[in-house]
Amino acid sequence: MMPWFLASSLLLSIVGLYVAFFVAPTDFQQGESYRIIFIHVPAAWMSMFIYLVMAGWAGAGLVFNTRLSGMMARALAPTGAMFTFLALWTGALWGKPTWGTWWVWDARLTSELILLFLYIGFLSLTAAIEDERRADRAGAVLALVGVVNIPIIYFSVVWWNTLHQGASVSLKSAPKMATTMLIGMLLMALAFWMYSIAAALLRVRSIIREREPRAAAEV
Amino acid sequence: MQWGSWSEFWAMGGYGFYVWGSFAVTLLCMAGEMVSLISTERAARKHDGEKV
């Protein structure tokens, strides 16, 4: 099943990148630098989305005491951490030409940085504890505590209207972006989503193999 | 095709460093993660004696 997700991710990114560079027009204000949006926004969306899914699995693991949930949460964390780093990295490279600075202690940037620390905390905590099941539980508690940070990131531009731009894509209002720009960005977001599923499925298989040697024989 | 030439494409309106710096690091991270995941899977399968 994983190859399907990986193949669709590749296909979507090729089409998405084509739209991003060859169809979407130059931005009247930012010129070409706005094209970073085609990976900055999908990476940021995925960093939050993966965290919620991870916390969901972790929570389920705590409640139902199912082994697989803990493994799924741990399979997602590295990819989520990577997208958080990428959101910060592409944001900094976009901020430099448009805001004149790599970093500013803006509400959204700061809460996204906190998200990165939460991921790193989850990864190191679960890696540090010898007993896998206890590690899953400890990780789950941390993940659930950190969930409150996600709405903070999302609404940070509304609550404290600091430097970061408000949401240009929302389900209620008409998109404030040129359609081709929007299409390119949504294609890339879908591509990143398919990629994350493929990565998580691959990683959970190796986690299962490690933890359940007898079950792994039939995997 | 709005780019006059390839060199114009790479220049990216003067923002080449920033745009390609973002895309290159993103590609590196994602491709790197996927390659490492697939190679661990392959190694494990060979170890388990399953057909790759």
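A polar contact is a pair of N or O atoms within 3.5 Å, where, within protein, one must be able to donate a hydrogen and the other to accept it. In this predicted model, N149(A) offers a handy example: a polar atom of its side chain sits 3.2 Å from the backbone oxygen of S111(A).

So where does N149(A) belong in the chain? N149(A) is part of helix 6 of chain A, which covers residues 149–159. Its relative accessibility is just 5%, and since buried means under 20%, N149(A) counts as buried. Setting aside neighbours within four places in sequence, the residues in contact with N149(A) are S111(A), I114(A), L115(A) and L118(A). S111(A) thus turns up twice, in this set of contacts and as the owner of the backbone oxygen mentioned above.

N149(A) has company on the inside of helix 6 of chain A: I150(A), I153(A), S156(A) and V157(A) are buried as well. These residues lie on the same side of the helix, because they span an arc of only 145° around its axis. There is a simple background to this kind of pattern: an α-helix has 3.6 residues a turn, so residues three or four places apart point the same way. Turned away from that buried side is a face of helix 6 of chain A with the exposed residues V158(A) and W159(A). As for what lies over the buried residues, the cover includes three other helices of chain A, namely helix 2 (37–64), helix 4 (107–128) and helix 5 (132–146).

Next comes the meeting of the two chains. The size of an interface is often given as the accessible area lost when the parts come together. For chain B and chain A that figure is about 2800 Å², with 72% of it on carbon and sulfur atoms. On the chain B side, the residues that lose the most area to chain A are Y18(B), F23(B) and M30(B), which together make up 21% of what that side buries. In terms of residues, chain A puts 37 into the contact and chain B puts in 27.

Charged and polar pairings show up here too. Between chain B and chain A there are three salt bridges, as well as eight residue pairs in polar contact. One salt bridge joins E33(B) to R203(A), whose closest N and O atoms are 2.7 Å apart. Helix 2 of chain B (residues 16–48) gives the most to the side that touches chain A, supplying 19 residues. Sorted by class, that side of chain B holds 17 nonpolar, five polar and five charged residues.

Conventions:
Residues numbered from 1 in each chain as written. Chains lettered and ligands numbered in written order. Predicted model: local features only at pLDDT ≥ 70, side-chain atom pairs only at ≥ 80, totals over all residues. Heavy atoms only, no water. Helix = DSSP H or I, 4+ residues; strand = E, 2+ residues; numbered from the N terminus. Buried < 20%, exposed > 50% of the residue type's maximum accessible area, 1.4 Å probe, protein only. Contact = heavy atoms within 4.5 Å. Arc of directions from axis to C-beta. Buried area = accessible area lost by both parts, 1.4 Å probe. Salt bridge = Lys/Arg side-chain N within 4 Å of Asp/Glu carboxyl O. Nonpolar A, V, L, I, M, F, W, Y, C, P; charged D, E, K, R; others polar.
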